Amino acid sequence: GMIAELHDTADEARDAAAAWAERVAQHSPTAVLENLRLLRQLARSDLNDRVVDEAQQALRNGWKDMDTADAMARWSRSQD
C-alpha cells in the first residue's frame, strides 16, 4: 500500500521495487512500522485530523528512539 507505480516490463517493476525496498531499509525500522500503522489507520478512518495529530506526535517522539538515532547517524555520515 506504500507504492503506486506502473512499469512497462516485469523486470522494470522488480528493479523499481528493489530500489524502493533498499531506500526503506535505510530508515529506522521503528519509524517505518509507525508510518505504516498510521497510513493504514488513515485509510480506514474518517478521523483524518486525529491521525495527523498522532503522526505529528509520533514524529516528535521518534527522534528519541535508538533506531532513529542510528538512522540519523548513518545519514549524517553519508553527507560527509
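# Questions on a predicted four-helix chain

S28 is found in the loop between α1 (10-25) and α2 (29-44), and the model in which this loop appears is a predicted one.

Student: Is S28 buried or exposed in this model?
Tutor: S28 belongs to the loop that joins α1 (10-25) to α2 (29-44). Its relative accessibility comes to 4%, and because buried means under 20% relative accessible area, the class that applies to S28 is buried.

Student: Which residues is S28 in contact with, once its neighbours within four places in sequence are left aside?
Tutor: S28 is a buried residue, at 4% relative accessibility. With the neighbours within four places in sequence left aside, the residues in contact with S28 are D65, D67, T68 and A71.

Student: How many helices and how many strands does the protein chain have?
Tutor: Read along the sequence, the elements of the protein chain give the pattern α-α-α-α. The secondary structure therefore comes to 4 helices and 0 strands.

Student: Which element of the protein chain has the lowest mean pLDDT?
Tutor: Across the protein chain the average pLDDT is 79, and 91% of the residues score at least 70. Among the elements, α1 has the highest mean, 89, whereas the lowest, 74, belongs to helix α3 (residues 48-62). Where pLDDT is low, the predicted coordinates should not be read in detail. The element asked for is helix α3.

Student: What radius of gyration does the protein chain have, set against that of a compact globule of 80 residues?
Tutor: The C-alpha atoms of the protein chain, taken along the principal axes, fill a box of roughly 40 × 40 × 15 Å. A compact globule of 80 residues would have a radius of gyration near 12 Å, but the value for the protein chain is 15 Å.

Student: What percentage of the 80 residues of the protein chain count as buried?
Tutor: The protein chain exposes about 6600 Å², of which carbon and sulfur atoms supply 56%. Among contacts with a separation of 6 or more, residues 24 or more positions apart account for 39%. Of the 80 residues, the part that counts as buried is 16%.

Student: Which residue forms a salt bridge with R14?
Tutor: A search of the whole structure finds 2 salt bridges, and in the one formed by R14 the closest N and O atoms are 2.6 Å apart. Both partners lie in helix α1, 3 residues apart, about one turn of the helix. R14 is exposed, with a relative accessible area of 52%, while its partner is partly exposed, with 48%. That partner is D11.

Student: How far apart are the closest N and O atoms in the salt bridge of R37 with E34?
Tutor: R37 and E34 are separated by about one helical turn, because they are 3 residues apart in helix α2. R37 is partly exposed, with a relative accessible area of 38%, and E34 counts as partly exposed at 25% relative accessibility. The closest N and O atoms of the salt bridge are apart by 2.9 Å.

Student: How far apart are the end C-alpha atoms of α2?
Tutor: The helix α2 has 16 residues, and at 1.5 Å a residue these should span 22 Å. The distance found between the end C-alpha atoms agrees with this expected span, and it is 23 Å.

Student: Which residues are in contact with Q41, leaving aside its neighbours within four places in sequence?
Tutor: Q41 has its place in helix α2, where V32, L36, L38 and Q41 are buried. At 12% relative accessibility, Q41 counts as buried. Its contacts, with neighbours within four places in sequence left aside, are R50, V51 and E54.

Student: Is R40 buried or exposed?
Tutor: R40 has its place in helix α2, as does Q41. The relative accessible area of R40 is 52%, and because exposed means over 50%, R40 is exposed.

Student: How far apart in space are R40 and S76, C-alpha to C-alpha?
Tutor: S76 lies in helix α4 (residues 66-78) and is partly exposed, with a relative accessible area of 38%. The C-alpha atoms of S76 and R37, 39 residues apart along the chain, are separated by 27 Å. R40 and S76 are 36 residues apart in sequence, and their C-alpha to C-alpha distance is 30 Å.

How values were computed
Residues are numbered from 1 along each chain as its sequence is written. This is a predicted model: local features need pLDDT of at least 70, side-chain atom pairs count only at pLDDT 80 or more; totals for chains, interfaces and linings use all residues. Side-chain values use heavy atoms; hydrogens and water are left out. Helices (H or I, at least four residues) and strands (E, at least two) are DSSP runs, numbered from the N terminus. Buried means under 20% relative accessible area, exposed over 50%, partly exposed in between (1.4 Å probe, protein chains only). Contact means heavy atoms within 4.5 Å. A salt bridge is a side-chain nitrogen of Lys or Arg within 4 Å of a carboxyl oxygen of Asp or Glu. pLDDT is the predictor's confidence in each residue, from 0 to 100. The radius of gyration is taken over C-alpha atoms; the globule rule is 2.2 Å times the number of residues to the power 0.38. Accessible areas come from the Shrake-Rupley method with a 1.4 Å probe; for residues, only the protein chains shown count as cover. The expected span of a helix is 1.5 Å times one less than its number of residues.
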